[in-house]
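Me: I have a structure open and would like to learn how to read it. Please take me through a few features.

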Amino acid sequence: MCGIALVVSGVGIDLSSIFVDYSTFQPQQQQQQLVFQFDDLKAALSRRGPDSLGCKKLLLQSNHQEILSSLTEEDCVSSSSSVDHEAQLFFIGATLQLRGLFPIIQPLLDASRNILVYNGEIFGGIHVGSDDNDARILMHTLAQCCSCNSYFSGIACHCKGNGQSSIVDVLSTIKGPWALIYWQNSSRTLWFGRDAIGRRSLLVHWPTKEDSRLLLSSVSPPSSFAQISDFEAEIGSSKVNFWEELPCGIYSLSMDVLNGCFVGEIKKHEWSNAMLKELINWERILVEPKSEEVHLSHCQPNGGQNNVHSTYSNKMATESASVSVSVQNVLTALRKSVMRRTALNTIFQAVTCDSRQEELAPVAVLFSGGLDSMILAALLNECLDPSYEIDLLNVSFDGQFAPDRISAEAGVKELKRIGPLRRWKLVEIDAELSNLTSETKHVMSLINPANTYMDLNIGIALWLAAGGDGWLYEGVTYDDDGNQRGVKYVSKSRIILVGSGADEQCAGYGRHRTKYRHGSWLELHEEMKLDMQRIWKRNLGRDDRCCADNGKEARFPFLDEDVIRTLLDIPLWEVANLDQPSGTGDKKILREVAKVLGLYEAAVLPKRAIQFGSRIARESNRKNFGSNRAANQASAGSVVIRKQNLV
């Protein structure tokens with residue numbers, strides 16, 4: 001996980017190719033230029049990448065229509081141009097290094113004066129050895145790309161005949177989450193973007209009349225939020241936010257000189273990978289079942305009984321019955337996905353060589369004890385050497401009474417049955433919303449540009465959970481009052497597995513059931529498709545920023561490209577059967593996967609969102625509205641964060 005940023009000034013940028021009616025449209029209308037200290041931006045990025053921080057300034061100067069460049073390393077304390085006809089590009093990179101033998105400092109610079117700041121992991125498409133670093137390998141690969149600008153002129157590129165690929169081709173092959181900013185010096189072109197699913201945050205400020213700079217950043221500095229007025233925060237209009245989520249894709253800004261001034265046009269490029277296009281379109285061939293297929297789908301081994309005892313009584317029958325090919329395929333894809341995301345490399349072992357490995361928990365799970373997190377924990381147990389501990393991070397705003405705390409404690413018992421050699425550490429993170437005033441304001445800057453109470457509630461819960469600062473209650477030691485004694489514990493895991501994407505792909509939300517009942521299989525499919533195509537904007541950017549702020553990397557096994565492809569190849573009625581009750585038909589295929597893993601109790605648990613399972617939503621409603629009932633009435637409209645409630 002890294003924090004990356006870029007500030008481009010001194011360039012007249014044309015946005016007409018990405019905004020349909022640019023002549024009358026100004027993105028993110030501003031009353032004034034946003035002023036923030038570069039130290040604030042660097043501090044926000046450093047929380048994401050605590051291992052190293054670097055900065056480079058690229059100066060472009062016109063000389064009779066020719067572009068001359070110079071490069072310096074400095075503190076980036078100013079973004080203003082000091083020379084006429086000069087453009088400046090400030091690159092900032094903060095690194096959390098999880099792969100590679102040798103430490104790296106971003107921005108990376110090669111012999112051809114190309115510059116890269118990269119936030120991501122490469123799990124396929126480009127070979128990265130166990131001792132290699134993703135950013136270094138990508139930098140080397142991009143350096144081999146052609147610079148003929150065929151993508152801009154519309155003429156055919158002949159470089160492929162010489163064995164060269166385009167930058168679009170290279171980025172389209174990457175499997176895994178990424179966001180990057182890359183300067184190709186030979187073509188004087190800036191490239192930037194994020195993966196097709198949007199698993200890594202990248203915010204953008206498009207140039208406006210009030211602020212002509214182009215800014216990109218993994219996260220907004222606190223001052224970006226502080227300058228939004230109370231009125232603007234109250235109405236919640238996205239047009240007043242300085243930052244917005246950069247839509248997924250690959251963008252370029254090719255520099256030129258016109259009448260002695262720097263100009264450039266931003267273009268968005270199509271993915272060149274056919275499989276990636278299929279995932280983006282999210283089309284499933286088999287959506288509506290025939291009558292006999294529906295009948296078979298309704299015939300479940302346990303008769304559809306959402307009952308743990310019934311599940312146990314049918315355990316032997318379930319194990320003896322042949323597991324469907326679809327369930328096997330999903331389990332295999334998920335297992336490989338977790339394995340790719342938890343393979344420990346040389347740099348981790350080198351950092352920890354002076355410690356006892358059996359006391360280390362290099363990978364944690366964001367853990368509610370629900371279906372998704374239980375599957376991830378069970379698969380992690382299979383992929384990780386038994387000598388390592390596993391931290392299970394559980395947050396509660398109602399102590400031992402929160403539903404997620406209750407299910408987490410039950411889940412640990414079930415995990416111990418299937419993984420008795422493992423030391424499972426349930427990290428109980430307790431919080432009271434009334435005591436989190438400064439923390440709440442901090443999380444508000446992290447979720448920006450998201451601005452609803454739901455975003456804030458989820459953001460606080462994720463931020464606290466990823467921090468891993470809680471208590472361990474193990475053994476049967478009690479204090480004088482008869483309470484079990486806890487040991488203060490802070491998780492050191494730098495990798496956190498998160499279950500995002502499971503509900504969207506397997507019909508886990510209540511609105512999916514509503515669509516199905518009021519419509520059809522086709523409407524259910526369309527609702528799930530909509531969820532997947534907007535997950536980058538509604539969920540992933542926010543979740544990435546909240547987790548990464550703790551110097552931790554969130555990884556999403558359910559959003560692995562091969563997992564998505566596998567689920568799309570399965571008939572919808574095998575993925576979910578919403579004629580059955582909650583805890584049975586929703587996420588049906590994942591419940592079957594859980595049974596194969598031996599998670600019989602988890603297989604019948606109903607869906608519960610983190611804001612409700614941790615009970616932060618209840619506490620937030622009481623604080624901001626006085627009661628849940630008042631909050632429900634307010635939620636009928638557009639409820640946004642009011643800063644005065646946080647003072």
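**Reading the sheet**

Reply: Strand 7 (residues 115-120) and strand 8 (residues 178-184) run antiparallel and are joined by 6 bridges. Helices (H or I, at least four residues) and strands (E, at least two) are DSSP runs, numbered from the N terminus. Two strands pair if DSSP finds at least two bridges between them. This is a predicted model, in which local features need pLDDT of at least 70 and side-chain atom pairs count only at pLDDT 80 or more, while totals for chains, interfaces and linings use all residues. Residues are numbered from 1 along each chain as its sequence is written, and side-chain values use heavy atoms, with hydrogens and water left out.

Me: Which residues are bridge partners or stand opposite each other there?

Reply: Strands of a sheet pair through backbone hydrogen bonds, either parallel or antiparallel. Here I115 has W183 of strand 8 as its bridge partner, and L116 stands opposite Y182 in strand 8. On to the next strand: 6 bridges join strand 8 to strand 9, again in an antiparallel run, and Y182 stands opposite W191 in strand 9. The hairpin of strand 8 and strand 9 has 4 residues between the strands, and R188 takes a positive phi near 55° in this hairpin.

Me: In what order do the strands of the open sheet lie?

Reply: The open sheet has 7 strands in the order 2-14-13-9-8-7-6, with mixed pairing. Its edge strands, strand 2 (12-14) and strand 6 (108-109), each pair on one side only. Helix 2 (residues 134-143) packs on the sheet and touches strand 6, strand 7 and strand 8; contact means heavy atoms within 4.5 Å. The direction of helix 2 makes about 135° with that of strand 7. For such angles, axes are lines fitted to C-alpha atoms, for helices over the stretch in contact, and angles run from 0 to 180 degrees between N-to-C directions.

Me: Why is strand 8 described as largely enclosed?

Reply: Buried means under 20% relative accessible area, exposed over 50%, and partly exposed in between (1.4 Å probe, protein chains only). In strand 8, 7 of the 7 residues are buried, so the strand is largely enclosed by the rest of the structure. W178, L180, Y182 and Q184 point one way from strand 8, and A179, I181 and W183 point the other way.

Me: How many aromatic pairs are there?

Reply: Rings of Phe, Tyr and Trp (its six-membered ring) pair if their centres lie within 6.5 Å; planes under 30 degrees apart count as stacked, over 60 as edge-to-face and the rest as tilted. The structure holds 7 aromatic pairs. One of them is stacked, because the rings of F192 and Y251 have centres 5.3 Å apart and planes at 5°. This pair links distant parts of the chain, with F192 in strand 9 (residues 189-194) and Y251 in strand 13 (residues 249-258), 59 residues apart. F192 is buried at 1% relative accessible area, and Y251 is buried at 2%. The rings of Y516 and W521 have centres 4.9 Å apart and planes at 70°, so that pair is edge-to-face. F19, F192, W206 and Y251 form one aromatic cluster.

Me: How many disulfides does a search of the whole structure find?

Reply: A disulfide is a pair of cysteine sulfur atoms within 2.5 Å. The search finds 0 disulfides. The sulfur of C547 is 7.0 Å from the closest cysteine sulfur, in C546, which is too far for a bond. C547 is buried, with a relative accessible area of 2%.
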